[in-house]
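Subject: Structure for you to look at

Hello,

Here is the structure I said I would pass on. Please open it beside this email and follow along.

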Amino acid sequence: MSENLPPCPKCSGAYAYEMGALLLCPECGHEWSPSEEPAGGTGTEVIKDAVGNVLADGDTVTVVKTLKVKGSPTGIKAGTKVRNIRLVDGVDGHDIDCKVDGFGAMQLKSSVVKKV
């Protein structure tokens, strides 16, 4: 369940999983296409960290696993604190815009950080 799959639009169950091109809910048995917009969706997505905490602009987060950085002999080590994050609609799942000490400005995935 490391992927950020949407909750079931019928029962709001959090344990949805993929089967082929469809998403399935084991709690109510509902099947839906991931491209379908949920009924009554507001259009604002909630971005959560690796353990499920809701993130907001200006939060401080900690990197939970060592990350490789292209062009750098060393990566970002687990436990590195990143202050004053900004949530963006990034490319390829990179939804956090931040500055990491020693590396500069970059984008991170919310699945590799934990709110402090």
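Below is what was found, going from the whole chain to single residues.

Please keep in mind that this is a predicted model.

**The chain as a whole**

The protein chain has nine strands and zero helices. Read from the N terminus, its elements therefore run β-β-β-β-β-β-β-β-β, each of them a DSSP run. Of the 116 residues in the protein chain, 24% are buried. The chain exposes about 8000 Å², and carbon and sulfur atoms supply 50% of that area. Among contacts between residues at least 6 apart in sequence, 36% join residues at least 24 apart.

**The sheet**

Which strands form the open sheet, and in what order? There are three, in the order β6-β7-β8, and the pairing is antiparallel. As general background, strands of a sheet pair through backbone hydrogen bonds, either parallel or antiparallel.

In this sheet β6 and β8 stand at the edges. Each has a single partner strand, so one side of each is left without a neighbour in the sheet.

Two bridges hold the antiparallel pair of β6 and β7. Here Leu-87 stands opposite Ile-96 in β7. Between β7 and β8, which also run antiparallel, there are six bridges. One residue to find is His-94, whose bridge partner in β8 is Lys-109. β7 and β8 form a hairpin with three residues between them. In the turn, Gly-102 has a positive phi of about 90 degrees.

**The nonpolar cores**

In soluble globular proteins, nonpolar side chains tend to be buried together. The largest nonpolar core in this model has 15 residues. Those with the most contacts inside this core are Val-82, Ile-96, Cys-98, Leu-108 and Val-113. The elements that give two or more residues to the core are β4 (61-63), β7 (94-100) and β8 (104-109). β7 supplies the largest share, three residues.

Cys-98 is a good residue to click on. Leaving aside residues up to four places away in sequence, Cys-98 touches Val-82, Ile-85, Gly-104, Ala-105, Met-106 and Leu-108. Another core, of five residues, lies apart from the largest one. Cys-8, Ala-16, Leu-23 and Cys-25 are among its members.

**The salt bridges**

How many salt bridges does a search of the whole structure find? The search finds two. Side chains of opposite charge can pair when their charged atoms come close.

One salt bridge is between Arg-86 and Asp-97, with the closest N and O atoms 2.3 Å apart. Arg-86 lies in strand β6 (residues 86-87) and Asp-97 in strand β7, so the pair ties together parts that are eleven residues apart in sequence. Arg-86 has a relative accessibility of 45% and therefore counts as partly exposed, since that class lies between 20% and 50%. The side chains of Asp-97 and Arg-86 also make a polar contact, at 2.3 Å. Not counting residues up to four places away in sequence, Asp-97 touches Ile-85, Arg-86, Val-88, Met-106 and Gln-107.

The other salt bridge joins the side chains of Lys-115 and Asp-59, at 3.6 Å from N to O. This pair links distant parts of the chain, 56 residues apart. Lys-115 is in strand β9 (residues 113-115), while Asp-59 is in the loop between β3 (31-32) and β4. Are the two partners buried or exposed? Lys-115 is partly exposed, with a relative accessible area of 31%. Asp-59 has a relative accessible area of 15%, and is buried because the cut-off is under 20%.

**Two residues with positive phi**

Asn-84 has a positive phi of about 55 degrees although it is not a glycine. Asn-84 lies in the loop between β5 (81-82) and β6. With a relative accessible area of 58%, Asn-84 is exposed.

Asp-92 is not a glycine either, and has a positive phi of about 60 degrees. Its place is in the loop between β6 and β7. Asp-92 is exposed too, with a relative accessible area of 64%.

Regards

Key. Residues numbered from 1 in each chain as written. Predicted model: local features only at pLDDT ≥ 70, side-chain atom pairs only at ≥ 80, totals over all residues. Heavy atoms only, no water. Core = buried A, V, L, I, M, F, W, Y, C linked by side-chain atoms within 4.5 Å. Buried < 20%, exposed > 50% of the residue type's maximum accessible area, 1.4 Å probe, protein only. Helix = DSSP H or I, 4+ residues; strand = E, 2+ residues; numbered from the N terminus. Contact = heavy atoms within 4.5 Å. Salt bridge = Lys/Arg side-chain N within 4 Å of Asp/Glu carboxyl O. Areas by Shrake-Rupley, 256 points an atom, 1.4 Å probe, with all protein chains shown as cover. Pairing = 2+ DSSP bridges. Polar contact = N/O pair within 3.5 Å; in protein donor to acceptor, adjacent residues only side chain to side chain.
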